[in-house]
Number of protein chains: 2
Amino acid sequence: MIDDRKNKVLQAIVEDYVATAEPVGSRTIARKYNLGVSPATIRNEMSDLEDMGYLEQPHTSAGRVPSDLGYRYYVDCLMPARSISPAEHERIRQTFQRKIREVDTLIRETARLLSDTTQLTAVISGPQFEKAVFKEIRLVPLGRDRALLIYITDRGLVENQVVEVPVEVTMLEFQQVAEILNEQLRGHRMDTLPRTVLQALQRELSRYGSLLEQALYFLEQRLEPGERHRLYLGGTTRMLDQPEFRDVEKLRGVLSFLEQEDAVATVIGVDKETEGVEIQIGEEIRLRELADCSIVTATYRLGDEIIGKMGVIGPRRMEYPKVVAILNAIASYVSELNRRF
Amino acid sequence: MIDDRKNKVLQAIVEDYVATAEPVGSRTIARKYNLGVSPATIRNEMSDLEDMGYLEQPHTSAGRVPSDLGYRYYVDCLMPARSISPAEHERIRQTFQRKIREVDTLIRETARLLSDTTQLTAVISGPQFEKAVFKEIRLVPLGRDRALLIYITDRGLVENQVVEVPVEVTMLEFQQVAEILNEQLRGHRMDTLPRTVLQALQRELSRYGSLLEQALYFLEQRLEPGERHRLYLGGTTRMLDQPEFRDVEKLRGVLSFLEQEDAVATVIGVDKETEGVEIQIGEEIRLRELADCSIVTATYRLGDEIIGKMGVIGPRRMEYPKVVAILNAIASYVSELNRRF
DNA sequence: GTTAGCAGTCAACGCCCGAGAGTGCTAACG
DNA sequence: CGTTAGCACTCTCGGGCGTTGACTGCTAAC
């Protein structure tokens with residue numbers, strides 16, 4: 001059905017198109033990739049490949065361009081494995097040799113790195129509070145009328161927030177509030193935390209007034225969709241480098257999409273804990289705005305805990321072997337940093 | 001020199017150009033703005049205004065367009081005062097009636113609001129740690145090998161960071177480290193904190209090893225330029241709506257500029273504590289990338305402390321009266337929220 | 001099955017031309 | 001002397017048109 005020569009022709013077309021962004025013709029293939037056959041033969045193969053749905057023609061007298069299916073077949077069956085170049089490796093090493101003390105900075109830097117090395121737009125999802133299991137709550141008084149509320153999760157994640165405290169709350173009551181919160185919440189996962197627990201807490205502790213209210217508010221807020229993911233983007237403007245987005249309307253579509261955090265989170269699959277690199281191509285994404293884009297993602301960890309996804313978004317016409325290699329390398333590198341925050 | 005009629009003509013040209021984005025001709029002025037004179041007369045006035053540098057001609061047979069100087073004169077002398085519309089007011093009120101518990105969220109929401117109401121790109125600078133005066137440092141142990149380092153400033157700002165603790169550090173030593181840090185740092189402003197103090201601390205406390213090291217690292221990091229400002233952008237894609245940025249190259253210039261946090265921080269004047277609204281027009285900004293842009297900024301507070309700047313960036317051709325009114329309204333509204341975080 | 005040759009198709013480019021918008025100049029007017 | 005009408009001139013923009021070049025698909029020969 002799809003013999004060796006067809007594979008070679010398809011691979012040549014994909015790679016040439018990725019490199020040049022121009023529809024590729026039979027002549028070009030015959031000249032640049034020596035398959036030992038004439039353009040006419042290649043034309044026949046191309047015609048077959050088009051019938052099978054792997055190629056498309058922008059118009060009758062133009063060359064061929066890979067279809068979604070063509071790219072898919074390429075990444076699944078034809079794409080050569082590639083490891084990162086020494087230069088890329090060096091760049092990665094350099095980025096992480098600086099001591100980085102905050103998750104926020106780490107992710108921000110990683111996004112920049114990913115974007116710089118792939119020349120595409122990078123997306124990374126930050127730690128997800130709601131997946132974590134409560135270990136402890138602390139209330140640290142600050143001055144007379146405020147306190148720092150600290151949530152510690154079993155993954156070692158620490159979140160905190162300043163709350164205002166009614167002046168009449170005593171040191172003792174302070175401890176009591178913390179204790180009650182601890183009792184009720186310990187061992188619960190944020191996203192499975194029953195609202196009923198929250199309501200019970202609220203009733204029981206109503207006499208502590210706004211202090212408790214704020215603590216609960218903070219928790220509830222984390223449960224609301226849309227507040228769940230912190231997303232980091234890097235190199236959004238690289239979209240402008242892509243000839244496919246020379247058209248301002250298409251560009252607007254993609255860029256506005258990137259401004260909607262929750263939509264992007266969904267599309268990169270923050271919640272799916274898959275192994276290895278995942279590739280989504282064009283209409284596979286099922287979003288009009290991204291019909292001309294591909295997304296490559298990988299799950300990453302910190303220490304041994306899954307944190308989220310990192311990936312790139314760019315035109316379908318991207319250097320998949322390179323992108324996959326780099327993404328793999330960076331995701332592993334970060335995952336093995338073995339640091340806690 | 002510049003009589004009443006010239007003022008009226010200039011004002012008409014600026015406002016018409018702002019509305020239409022087309023060079024405006026003498027006929028248009030005579031028709032739409034009834035100054036009671038013929039197009040020929042207006043042509044003479046326009047010619048004068050061009051000689052004086054207030055207007056420019058894209059080419060000989062086109063209408064006139066305001067120059068930087070023209071816009072400057074307009075905003076300084078001609079621009080009608082305008083207050084916000086009921087709809088705008090309502091939109092602002094709605095945004096802030098939701099209880100917002102975190103500075104981060106507050107600023108993010110404000111940026112969105114500012115961008116939505118002005119239809120321009122919004123920029124807001126967050127609280128600046130280095131301007132604050134130290135009040136207190138706390139070290140809260142978390143588990144056996146970590147601690148939360150909390151910095152409290154006299155402005156009520158709280159920053160914190162998780163640090164790793166060598167296991168051999170005892171509870172007592174913990175308190176000692178905190179005390180020594182407190183003694184040395186209390187009352188110092190971050191940005192005037194002498195490196196010598198840090199070094200002295202480092203010598204004196206070297207036996208506490210990495211715990212202290214990390215505390216100091218955190219402080220030093222805040223002192224590095226580039227790490228100083230947290231910047232929030234809203235509605236970057238609105239740049240695409242502007243006809244002046246239909247050209248992808250110009251667009252790229254502006255958008256890449258917006259990705260450089262420190263450059264944007266400088267340009268909006270995070271460090272200048274000015275009163276009222278400031279307007280920068282075109283080449284006044286002295287940056288090639290922003291030669292076609294204007295920037296309107298205002299200082300804002302939270303409670304009674306100056307936090308930073310908020311503003312918008314858009315094409316020179318923007319509705320200054322509207323933008324100024326909205327920015328004023330939002331900056332005041334936020335400033336008067338009178339909440340602490 | 002492969003290839004050379006050839007006719008046919010289509011986008012892109014450059015060119016020209018006319019329409020339209022707007023100016024500057026001049027001369028006349030009050 | 002300021003204002004105005006009239007007119008010639010300039011320049012952009014868009015459409016129409018023919019040329020060019022890059023492909024393809026088909027056919028017939030190898």
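User: Which helices each supply at least two residues of the surface near DNA strand C?

Analyst: Happy to start there, with the reminder that this is a predicted model. On chain A it is α3 (39-51), and on chain B the contributors are α2 (26-32) and α3 (39-51). The largest share comes from α3(A), with four residues.

User: What makes a residue count as near DNA strand C, and which are the closest?

Analyst: The test is a heavy atom within 4 Å of the strand. Around DNA strand C there are 22 such residues, and the closest are A:Arg5, A:Thr41, A:Thr60, A:Ser61 and B:Ser26. By class they split into four nonpolar, 14 polar and four charged.

User: Which parts of DNA strand C supply the atoms within 4 Å of the protein?

Analyst: Sugar or phosphate holds 76% of them, and the bases hold the rest.

User: How do you know that A:Ser61 makes a polar contact with a base of DNA strand C?

Analyst: A side-chain N or O atom of A:Ser61 is 2.9 Å from a base oxygen of DNA strand C. The cut-off for such a pair is 3.5 Å, so this one qualifies. The side chain of A:Arg43 passes too, at 3.3 Å from a base oxygen, and B:Arg43 has a polar side-chain atom 3.1 Å from a base nitrogen.

User: Why is B:Ser26 called buried?

Analyst: Its relative accessibility is 10%, and buried means under 20%, so the label fits. One caveat for a modeller: that area is computed for the protein chains only. B:Ser26 sits in helix α2 of chain B.

User: What does the side chain of B:Ser26 contact?

Analyst: It makes a polar contact of 3.3 Å with the side chain of B:Arg43. Leaving out residues up to four places away in sequence, B:Ser26 touches B:Pro39, B:Ile42, B:Arg43 and B:Met46.

User: Now the other strand: which residues are the closest to DNA strand D?

Analyst: Among the 20 residues that surround DNA strand D, the closest are A:Ser26, B:Arg5, B:Thr41, B:Thr60 and B:Ser61. Of the atoms of this strand within 4 Å of the protein, 73% are sugar and phosphate. Here α3 of chain A and α3 of chain B each supply at least two residues, and α3(B) gives the most, with four. The classes are four nonpolar, twelve polar and four charged.

User: What makes the approach of B:Ser61 to DNA strand D a polar contact?

Analyst: A polar side-chain atom of B:Ser61 lies 2.8 Å from a base oxygen, so the pair is within 3.5 Å. Backbone atoms take part as well: B:Ser38 comes 3.1 Å from a phosphate oxygen, and A:Ser61 is 3.4 Å from a sugar or linking oxygen.

User: Away from the DNA, why are β7 and β8 of chain A called edge strands?

Analyst: The open sheet of five strands runs β7-β3-β10-β9-β8 in chain A, with antiparallel pairing. Both β7 (231-234) and β8 (277-281) have a single partner strand, so one side of each lacks a neighbour in the sheet. On average, neighbouring strands are turned by 20 degrees against each other, direction ignored.

User: How do you know that β9 and β10 of chain A pair?

Analyst: Pairing needs at least two bridges, and ten join β9 (residues 293-302) to β10 (residues 305-315), so they count as paired. Within this pairing, A:Thr299 stands opposite A:Lys309 in β10(A).

Conventions
Residues numbered from 1 in each chain as written. Chains lettered and ligands numbered in written order. Predicted model: local features only at pLDDT ≥ 70, side-chain atom pairs only at ≥ 80, totals over all residues. Heavy atoms only, no water. Polar contact = N/O pair within 3.5 Å; in protein donor to acceptor, adjacent residues only side chain to side chain. Nonpolar A, V, L, I, M, F, W, Y, C, P; charged D, E, K, R; others polar. Axes fitted to C-alpha atoms, helices over the stretch in contact; angles between N-to-C directions. Buried < 20%, exposed > 50% of the residue type's maximum accessible area, 1.4 Å probe, protein only. Contact = heavy atoms within 4.5 Å.
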